[in-house]
Amino acid sequence: MPLPSDHKVRVELGPRGYDIVVKSGSLFQLNEFDRFWTGNHAVVITDTNVAALYLRDVLKQLEAVFDRVDAIEIDPGERSKSIEYAARLWNRMLELGTDRQTMIVALGGGVVGDLAGFVAATFARGLSIVQFPTSLLAQVDSSVGGKTGINLASAKNMVGAFWQPKFVLIDPTVLQTLDADNYTSGLAEVLKYGVIMDA
């Protein structure tokens, strides 16, 4: 699949503004983005599928930036976007000594981004978060805009908060690991945007 050139978009929201950086291979060049990192502790939240592909490399790079780096893996799939999993993350973060100097790193697709964003918004009254979306749908939709949330048993995305990330890092090369169904569903979202933005 063709990959776009390096690109940066500034989301202007006053003091909550942030950059969306699109750069091929950037997930393996995190040292280039040291201006975005804050605090002395990072907690990477990811799912087991994404962890098998990228977690080791991401942790190694973050260890050169932060005094402490921890990772929490969740089960893949929509079922993890729940109050049960949010509580697991809150409690695990407490065990890891997470505080206001901790930065949350969401490494994964839409479920990881929504859940990690909600946990970041609510733990210790709000922690900094960066989004590393690894699915096309997450790259064009859920990782940007600050929408976070979890599902209730009878309703999707009914509990959440608007919590803007410190930055969003989009590496198009990770899309090469997607299956056809996931890639196509993300592409459908792109086409939808094209339709609704054109009078």
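The side chain of Asn151 reaches the backbone nitrogen of Asn157 at 2.8 Å, a good place to start a tour of this predicted model. A second partner of this side chain is that of Glu78, with which Asn151 makes a polar contact of 2.9 Å. A polar contact here is a pair of N or O atoms within 3.5 Å; within protein, one must be able to donate a hydrogen and the other to accept it, and residues adjacent in sequence count only if both atoms belong to side chains. Asn151 itself sits in strand β7, which covers residues 147-152. Its relative accessibility is 13%, so Asn151 counts as buried (buried means under 20% relative accessible area, exposed over 50%, and partly exposed in between, with a 1.4 Å probe and protein chains only). Beyond its neighbours within four places in sequence, Asn151 is in contact with Glu78, Lys81, Ser82, Ile83, Lys156 and Asn157, where contact means heavy atoms within 4.5 Å.

Residues are numbered from 1 along each chain as its sequence is written. Because the model is predicted, local features need pLDDT of at least 70 and side-chain atom pairs count only at pLDDT 80 or more, while totals for chains, interfaces and linings use all residues; side-chain values use heavy atoms, without hydrogens and water.

Lys81, one of the residues in contact with Asn151, lies in the loop between β4 (68-74) and α2 (83-95). With a relative accessibility of 3%, Lys81 counts as buried. Its side chain is joined to that of Asp114 by a polar contact of 2.8 Å. Leaving out residues up to four places away in sequence, Lys81 touches Val111, Asp114, Leu115, Gly149, Ile150, Asn151, Lys156 and Asn157.

Stepping back to the whole chain, the secondary structure comes to five helices and nine strands. Helices (H or I, at least four residues) and strands (E, at least two) are DSSP runs, numbered from the N terminus. In sequence order, the pattern reads β-β-β-α-β-α-β-α-β-α-β-β-β-α. The C-alpha trace spans about 50 × 45 × 35 Å along its principal axes. For 199 residues, a compact globule would have a radius of gyration near 16 Å, and the 16 Å of the chain agrees with this; the radius is taken over C-alpha atoms, and the globule rule is 2.2 Å times the number of residues to the power 0.38. Of the 199 residues, 48% are buried. Among contacts with a separation of 6 or more, 75% join residues 24 or more positions apart.

Just ahead of the strand that holds Asn151, Gly146 is placed in the loop between α4 (136-142) and β7. Gly146 counts as buried, at 4% relative accessibility. Apart from neighbours within four places in sequence, its contacts are Tyr18, Ala161, Phe162, Trp163, Gln164 and Pro165. Gly146 and Gln29 are 117 residues apart in sequence, and their C-alpha atoms are 24 Å apart in space.

The backbone offers a further point of interest. Most residues other than glycine have a negative phi. Ala124, however, has a positive phi near 55°, and Arg125 has one near 60°. Ala124 is found in the loop between α3 (110-122) and β6 (128-133), and Arg125 is in the loop between α3 and β6 as well. Ala124 is partly exposed, with a relative accessible area of 34%, whereas Arg125 is exposed, at 78%.
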